[in-house]
Each structure stands twice: as structure tokens, then as C-alpha cells.
Amino acid sequence: MSTNRPGFQALPGATPDNSAFIDLYFDPSISLPGKSTVSASINGWTIRLSAGRFVRIAVPPRGRWPVSVVVDHYAAFLSPKPRLELVMQPGQVAPVFYRASILNGDPGALSIGKHRGMSRTEKGSLIFVLLVLLHILVAGVVPLLLFLNLGMPE
């Protein structure tokens with residue numbers, strides 16, 4: 001990639017006349033240690049992106065083939081990498097958002113719109129934790145109430 005100014009990069013083959021542009025944002029709403037930068041690749045060309053920053057990338061026209069955006073988060077080596085494929089025309093600008101996850105090992109998500117609230121994985125994990133806590137509460141409180149009720153003479 002070439003860099004003519006900060007915040008702008010161009011993939012090989014992209015010219016001002018034939019380029020489409022991807023504005024790649026790293027959503028800073030989740031800021032956990034070790035998740036302040038990520039490595040992203042666009043059509044195989046790698047860039048580093050810091051939380052709260054964005055970079056505009058000029059991509060050459062690809063005809064019927066999509067532009068592929070992939071985020072490689074080092075903590076999520078066993079999870080599938082967030083991937084987004086876009087079919088773009090010259091002059092088009094596509095905002096692409098990456099949001100990290102609050103869960104360790106979850107690679108986060110890529111989308112063409114800003115993320116709101118928790119991801120599906122985060123919601124599922126929260127429900128699981130709440131069910132486990134409820135089970136512990138019921139398993140601990142019910143026997144205690146039975147013991148107290150049976151142990152008291154009338």
C-alpha cells in the first residue's frame with residue numbers, strides 16, 4: 001500500500017479516477033487491554049488500525065469480484081476471523097466498522113453500520129452466566145430453607 005498522507009492508503013492498481021474507497025473505523029466503545037490495535041487486511045494487503053481511528057483505503061475496481069475485508073485479532077486464533085465482502089463501484093465510499101468484543105477469545109465483528117449494544121456472542125455468554133448464577137442460588141437457598149423449616153419445632 002502507498003501512503004500519501006496520514007489516514008489515507010491506496011492498494012496497488014488504485015488511481016484517483018478508478019478507485020472506490022473504504023473508510024475503515026475501529027470502534028473505541030470497547031477498550032480492553034490488548035485490544036487497542038488490530039491488523040486488518042483488504043484484498044490481502046495488511047494495515048494496522050488503532051482504536052478510535054479510521055483510515056481511508058482506495059481500492060481498485062474488481063468487476064464482479066468483491067473487495068474482502070478481514071480483521072485478524074491475535075487473541076482469537078481459534079475463532080473465525082471477522083470478514084466482510086463488498087462489491088464496489090468506482091467513486092463509491094463504504095464505511096466499514098470493526099468492534100472488538102468484551103469476551104476474551106471473541107474476535108469481534110465487522111459491519112457496514114455502527115454496532116449498537118452487545119454482540120450475539122456477548123448476549124449468549126451473559127445469559128449463560130445468569131442461568132448458572134440462578135442455578136447456584138436455587139441449589140443453595142432451597143436446601144437451606146428446607147433445613148430451617150424442618151429443623152424448627154412447633
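I began with Val 142 and found its place in helix H1, residues 120–151. For helices and strands I relied on DSSP runs numbered from the N terminus (H or I of at least four residues for helices, E of at least two for strands).

A note to self on the source: this is a predicted model, where local features need pLDDT of at least 70, side-chain atom pairs count only at pLDDT 80 or more, and totals for chains, interfaces and linings use all residues. Residues are numbered from 1 along each chain as its sequence is written, and side-chain values use heavy atoms, with hydrogens and water left out.

Back to Val 142: is it buried or exposed? Neither, as I read it: Val 142 is partly exposed, with a relative accessible area of 42%. I took buried as under 20% relative accessible area, exposed as over 50% and partly exposed as in between (1.4 Å probe, protein chains only).

Next I looked up the nonpolar surface patch of about 1,100 Å², which includes Val 142 along with Ile 127, Leu 131 and Phe 147, among others. Patch members have over 30% relative accessible area and no salt bridge; nonpolar side chains (Val, Leu, Ile, Met, Phe, Trp, Tyr) are joined within 5 Å, like charges within 9 Å. A salt bridge here is a side-chain nitrogen of Lys or Arg within 4 Å of a carboxyl oxygen of Asp or Glu.

Then I turned to the strands. One open sheet has 4 strands in the order S5-S4-S7-S8, with antiparallel pairing. Its edge strands are S5 (45–50) and S8 (83–86), each pairing on one side only. The twist averages 25 degrees from one strand to the next, with axes fitted as lines to C-alpha atoms (for helices over the stretch in contact) and angles from 0 to 180 degrees between N-to-C directions.

I followed S7 (residues 67–72) into its antiparallel pairing with S8, which runs over 4 bridges; pairing takes at least two DSSP bridges. Ser 68 stands opposite Glu 85 in S8.

Past S8 I stopped at Gly 91, in the loop before strand S9 (93–99). Gly 91 counts as exposed at 54% relative accessibility. Which residues does Gly 91 contact, leaving aside neighbours within four places in sequence? I found Ser 19 and Ala 20, with contact meaning heavy atoms within 4.5 Å. The C-alpha atoms of Gly 91 and Phe 21 are separated by 7.1 Å, though 70 residues apart along the chain.

Last, the overall tally: I noted 1 helix and 10 strands, and 33% of the 154 residues count as buried.

Conventions. Accessible areas come from the Shrake-Rupley method with a 1.4 Å probe; for residues, only the protein chains shown count as cover.
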